[in-house]
Amino acid sequence: MSEPATRRPAGTAAPSIIARALTTQQEFEGAVDLQKQIWGFEDIELLPVRLFVVATKVGGQAFGAFDGHRLVGFCLAIPGLKASGGSYLHSHMLGVIPEYRDSGVGRLLKLKQREDALARSIHLIEWTFDPLEIKNAYFNMERLGAIVRRYVRNQYGTTTSRLHAGLPTDRCIAEWWIASPRVKALLDAASPLPKPETIARIRVPASIGQLRHDDPRLARQIQQQVSRDFLEGFDRGLVVTGVERSPDAGTFLLAPWKTLEPQIQE
């Protein structure tokens with residue numbers, strides 16, 4: 001069991017938990033098993049051991065979070081190349097087993113990714129996330145300092161994961177500019193980010209998680225409206241700079257890219 005939150009900063013993993021590279025066949029197999037525990041994927045949708053092996057051979061990342069000898073979380077990233085020629089890492093999957101959620105393990109793994117990327121002069125890590133998962137969106141924006149400028153409809157098709165509940169896999173694309181003044185200020189100070197003036201908001205009701213299972217039709221209607229709002233905002237040159245949470249909703253905050261760009265420049 002992790003230490004009480006009062007003994008360490010909020011969102012910080014217990015000292016007994018460490019993040020390190022996955023290197024052995026047994027550790028890769030452990031990450032495959034965690035996919036079943038976390039998402040409930042059927043075997044056909046699991047990332048196989050050989051992908052973890054290949055990722056570590058071609059410049060990607062495979063890290064695990066260990067509590068003693070127990071693997072409690074993992075992340076996998078693969079190298080990417082922009083059309084302009086710039087290189088980056090695409091963080092394809094990060095998961096933490098249920099009993100270790102909200103204990104700082106996810107953040108520990110992301111910081112390990114950042115440390116490794118900076119050591120190799122890679123300054124951008126991207127990943128996709130479901131904007132209907134408000135807690136995860138808040139973590140990406142407010143705890144890590146990511147931004148969003150792109151939205152993709154049904155990125156992965158309909159999956160077997162119980163968490164997706166049969167909805168299309170619409171995704172935001174997070175950009176984490178890990179050497180930027182914005183991210184450095186957040187991680188160094190562990191304080192809220194200064195944000196440009198918000199000129200648009202996208203609201204996701206807090207009940208969406210329950211609606212996925214109780215009223216899939218209404219959940220789909222909400223998802224479609226959220227999709228239209230994101231695409232319209234990005235067409236106007238806006239960028240997501242943060243997320244606010246209340247008991248009723250999660251709200252994405254959008255500002256003009258030109259007002260945020262100075263915080264992103266390295």
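His90 lies in strand E4, which covers residues 87-96. The model is a predicted one. With a relative accessible area of 17%, His90 counts as buried, because the cut-off for that class is under 20%. The points below cover His90, helix H3 and the pair of strands E9 and E10.

**His90 in E4**
- Beyond its neighbours within four places in sequence, His90 is in contact with Leu76, Ala77 and Ile78.
- Glu126, Trp127 and Thr128 are also in contact with His90.

**Helix H3**
- Helix H3 takes in residues 105-119, a run of 15 residues.
- The end C-alpha atoms of H3 are 21 Å apart, and this agrees with the 21 Å that the helix should span at 1.5 Å a residue.
- The buried residues of H3 include the charged-name entries Arg107, Lys110 and Arg114.
- Val105, Gly106, Leu109, Gln113 and Ala117 are also among the buried residues of H3.
- Ser121, just after H3, has a positive phi of about 60 degrees.

**Strands E9 and E10**
- Strand E9 spans residues 238-245, and six of its eight residues are buried, so the strand is largely enclosed by the rest of the structure.
- E9 runs antiparallel to strand E10 (residues 249-256), and seven bridges join the two.
- Within this pairing, Glu244 has Thr251 of E10 as its bridge partner.
- Three residues lie between E9 and E10, which together form a hairpin.

Notes:
Residues numbered from 1 in each chain as written. Predicted model: local features only at pLDDT ≥ 70, side-chain atom pairs only at ≥ 80, totals over all residues. Heavy atoms only, no water. Helix = DSSP H or I, 4+ residues; strand = E, 2+ residues; numbered from the N terminus. Buried < 20%, exposed > 50% of the residue type's maximum accessible area, 1.4 Å probe, protein only. Contact = heavy atoms within 4.5 Å. Expected span 1.5 Å × (residues − 1). Pairing = 2+ DSSP bridges.
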